Amino acid sequence: MGRIVLENVTKNFGDTQVIPPLNLTIEDGEFAVFVGPSGCGKSTLLRLIAGLEDTTSGKILIDGEDVTQVSPSKRGLAMVFQTYALYPHMTVRKNIAFPMRMAGVDEAEQEKRIEAAARALNLTDYLDRKPGQLSGGQRQRVAIGRAIVRDPTAFLFDEPLSNLDAALRVGMRIEISEMHSRLETTMIYVTHDQVEAMTMADKIVVLRAGNIEQVGSPLDLYRNPQNLFVAGFIGSPKMNFIEGAEAGKHNAHTVGIRPEHIDVVADKGAWTGKVGVAEHLGSDTFFHVHETGLAETLTVRAPGEVTLGHGDTIHLNPRAGVIHRFDDRGQRLS
Amino acid sequence: MSNRTVSRVLQAPAVILLLIWMIVPLSMTLFFSFIRYVLSSLNRPEWTTPSISNWRGFGNYEFVLNSKDFVFAIQNSLLIVGSILFLTVTFGVLIAVLINKAFPGRGIVRVLLISPFFVMPAVNAVLWINMILDPVLGLQGLAVDGLNGLIAGMKDLPVIGWFFSQWPTLEPISFRATQTSAYAVIVMVTWQWTPFAVLIFMTSLQSEDQQQKEAAILDGAGAWSQFRFLTLPHLGRPIAIVVMIQAIFHLSLYAEIEIVSRGNGNKNLPYLIGEFANNNIGAASATGIFAVILANIIAIFLLRMVGKTLMD
């Protein structure tokens, strides 16, 4: 079990309110991702749930029990930190054993759980090494192992992959996702990387300045962003925003269209422009198009290899039905 | 010339200078320790000039080994150094942990804590033995007097008076006495050198990883476990360094011993050398060689210890 409910939770640092009253429910077994730009309060929110920060007001409930005043160790949560926070003078085995040692689990049981965790995380050969002798990915796996052996009600991940290189990040992302489907334990994952959020989450919570901008499944956020912020944050490359006359045609202040919803055509497109930068990835080609009269730059995704380069004229056709309309306050128009 | 030769040639002046720096005094000490050499002698004026013709072999060493203070001086050296190390490291760690938390006036507290380290050893000894530890005029005497007065006053109280009337009158301790002068030295040097330990541990504590502590909190570690399993291992290296530096310094304590009791009941090897050197340079040199051997034995232990913590 691991249903986490936040009721009107606020957090002040001195006079500044970093989290205005906030309500959120994370269901048992759910993989929830807090995503937002740096400084949006997502890590603070996670630390409030962990108990590493005190709430200024409001209640935190885990499985219906009010834990707002309960000490971090009694909440039954395990946390994985961005810097791994391994104990440097202990071997991997001792690191993983530490929470069990603190809880007074007997030696035989400890050994059993360490072996199981090490096997699941491919750490069996490294159990007697110290963290300093491990690579970044291995260290992160040790940190996860230390969390798993506690059999927590929920896992908290605080930007766990930020310190890893790109290739390793993709691998670890899959490992964590697989771990979630195997353990079926509630997980809360904080990241600023919307790709991580989209690929891993059951539920994404988009935060800005401590406010929840939108909560929903990845595809829900992709299809129906509630405002300009979510529309711009979710999806890669970023959604194009067009204001003025073109938006007026759709009875909106701003319209948004994703790069993948604009087709490149040979001629007679609805829009024309000059190619600025062309990014040829093989599978896709991204064009940064200028001089369209719509916006300073339009980003366009063309599938496959398209042989247009810098300075070439490009003809574009937006697809109908996937244009997002927003009013002058940036809210979605239905 | 190959790279290695160049670097050796370039290093040579420094290395040669250091070698001379070390070898000249050491070989002179060795030479003096094997001859009869005194500063003044009416009967044997030829012994007052160092000369190979006054060769005594291991005679000086025998003389030193058989002198009544030698074994005592070695034991006392170890007692003083060991006690000071234990006390400064213990107090150093406790104080450093205590002032590591932010509180108002922390900057002033830190400066005040460091200040004993800037007092000269002789001044430190005079202050302690006369103003604090003196059984009559020092704080100790006043405190004992005050306590005795307090207890005497309590004896007249109804109901509980009989309890205090059972108490003996407290006697102040004379720290210049044969049995206690070593403790006076230990106390005053500990007071002076604890700030050094605090300073080193404090800087080390600042670099302690806060996320590790938070991880430990979530892992269920209480304050003691965090100290035992995170802070103490983190301080391993600075502790080794403090122990090594202090051991080197305190093996050669002199001023405090001289001022507290003029070596009465409290000698270490340097003090014994000083006593011999009043006249008998040969015996003083032989003691010096023993001191070098002792220092080397201790240094080997310490280097092993430090090396081990540095390896981790």
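Read along the sequence, chain B follows the pattern α-α-α-α-α-α-α-α-α-α-α-α-α-α, with 14 helices and 0 strands; helices (H or I, at least four residues) and strands (E, at least two) are DSSP runs numbered from the N terminus. The model is predicted: local features need pLDDT of at least 70 and side-chain atom pairs count only at pLDDT 80 or more, whereas totals for chains, interfaces and linings use all residues. Residues are numbered from 1 along each chain as its sequence is written, while chains are lettered from A and ligands numbered from 1 in the order in which they are written.

The C-alpha trace of chain B spans about 80 × 65 × 30 Å along its principal axes. Its radius of gyration is 26 Å, where a compact globule of 312 residues would have one near 20 Å; the radius is taken over C-alpha atoms, and the globule rule is 2.2 Å times the number of residues to the power 0.38.

Of the 312 residues in chain B, 29% are buried, that is, have 20 or more other C-beta atoms within 10 Å of their own, with C-beta atoms placed from the backbone.

The largest nonpolar core (buried Ala, Val, Leu, Ile, Met, Phe, Trp, Tyr and Cys residues joined through C-beta atoms within 7 Å) has 93 residues, and A:Val33, A:Phe34 and A:Ala143 are among those with the most contacts inside it. At least three residues of this core come from each of domain 1 (4–231) and domain 2 (237–326) of chain A, bounds taken from an automatic or database domain assignment. A second, separate core of 50 residues includes B:Leu235, B:Val243, B:Ile281 and B:Ala283.

Definitions and conventions: Buried ≥ 20, exposed ≤ 12 C-beta atoms within 10 Å, placed from the backbone.
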